[in-house]
Amino acid sequence: MVAPDTLRLMSRQFLEMFDLSRWAEWFAQLDREFLFLLALPFVVAVIGLWASFLEKDREDGEDGK
């Protein structure tokens, strides 16, 4: 039967997505410039959230809460 073989193959491919050694190999093969561009949106998001938190904290301090 084709269906069980297909499901077995799909589950194996799905589990490969969570294989940390394969992710480490992939990251090791990337150029540093590409890694920088890959990480940049996350860094900008973290800085934006941090600034928003600091601004909210400053506003709460002015209200006397």
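Visitor: What percentage of the 65 residues of the protein count as buried?

Guide: In this predicted model, 2% of the 65 residues count as buried, a label that requires a relative accessible area under 20%. The accessible surface of the protein comes to about 6,400 Å², and 67% of that area belongs to carbon and sulfur atoms.

Visitor: What makes up the secondary structure of the protein?

Guide: The protein has three helices and zero strands, and from the N terminus on the order of its elements is α-α-α.

Visitor: How do you know that the span of α3 agrees with the expected one?

Guide: Helix α3 covers residues 32-62. Its 31 residues, at 1.5 Å a residue, should span 45 Å, and because the end C-alpha atoms of α3 are 44 Å apart, the two values agree.

Visitor: Where in α3 does a kink lie?

Guide: The kink in α3, of about 35°, lies at Ala39, shortly before the proline Pro41.

Visitor: Why is the pair Lys56 and Asp60 called a salt bridge?

Guide: The side chains of Lys56 and Asp60 meet with 3.4 Å from N to O, and since the definition asks for a Lys or Arg side-chain nitrogen within 4 Å of a carboxyl oxygen of Asp or Glu, the pair qualifies. Because Lys56 and Asp60 are four residues apart in helix α3, about one helical turn separates them.

Visitor: Why is Lys56 called exposed, and why is Asp60 called partly exposed?

Guide: Lys56 has a relative accessible area of 51%, and exposed means over 50%, so Lys56 meets that limit. Asp60, at 28% relative accessibility, falls between the 20% and 50% limits and therefore counts as partly exposed.

Visitor: What makes Arg58 and Glu55 a salt bridge, and where do these residues lie?

Guide: The closest N and O atoms of Arg58 and Glu55 are 3.4 Å apart, which is within the 4 Å limit, so the pair is a salt bridge. Both residues lie in helix α3, three residues apart, about one turn of the helix. Glu55 has a relative accessibility of 38% and therefore counts as partly exposed.

Visitor: How do you know that Asp19 and Arg22 form a salt bridge, and how many salt bridges are there by this rule?

Guide: The N to O distance between the side chains of Asp19 and Arg22 is 3.7 Å, and because this lies within 4 Å, the pair satisfies the rule. By this rule the count comes to three salt bridges. Asp19 is partly exposed at 28% relative accessibility, and Arg22 is partly exposed at 45%.

Visitor: What makes the approach of Ser21 to Asp19 a polar contact?

Guide: The side chains of Ser21 and Asp19 make their contact at 3.0 Å, and since the cut-off for a pair of N or O atoms is 3.5 Å, the distance fits. Ser21 lies in helix α2 and is partly exposed, with a relative accessible area of 40%.

Visitor: Which residues form the nonpolar patch on the surface, and why can Trp23 belong to a patch?

Guide: The nonpolar patch is formed by Leu20, Trp23, Trp26, Phe27, Phe34 and Leu38, which together have about 600 Å² of accessible area. The elements giving two or more residues to the patch are α2 (20-29) and α3, and the largest share, four residues, comes from α2. Trp23 lies in helix α2; its relative accessible area is 40%, and because patch residues need over 30%, Trp23 passes that limit.

How values were computed:
Residues numbered from 1 in each chain as written. Predicted model: local features only at pLDDT ≥ 70, side-chain atom pairs only at ≥ 80, totals over all residues. Heavy atoms only, no water. Buried < 20%, exposed > 50% of the residue type's maximum accessible area, 1.4 Å probe, protein only. Areas by Shrake-Rupley, 256 points an atom, 1.4 Å probe, with all protein chains shown as cover. Patch = residues over 30% accessible without salt bridge, like charges linked within 9 Å, V, L, I, M, F, W, Y side chains within 5 Å. Polar contact = N/O pair within 3.5 Å; in protein donor to acceptor, adjacent residues only side chain to side chain. Expected span 1.5 Å × (residues − 1). Bend = angle between axes of the 7 residues up to and from the residue.
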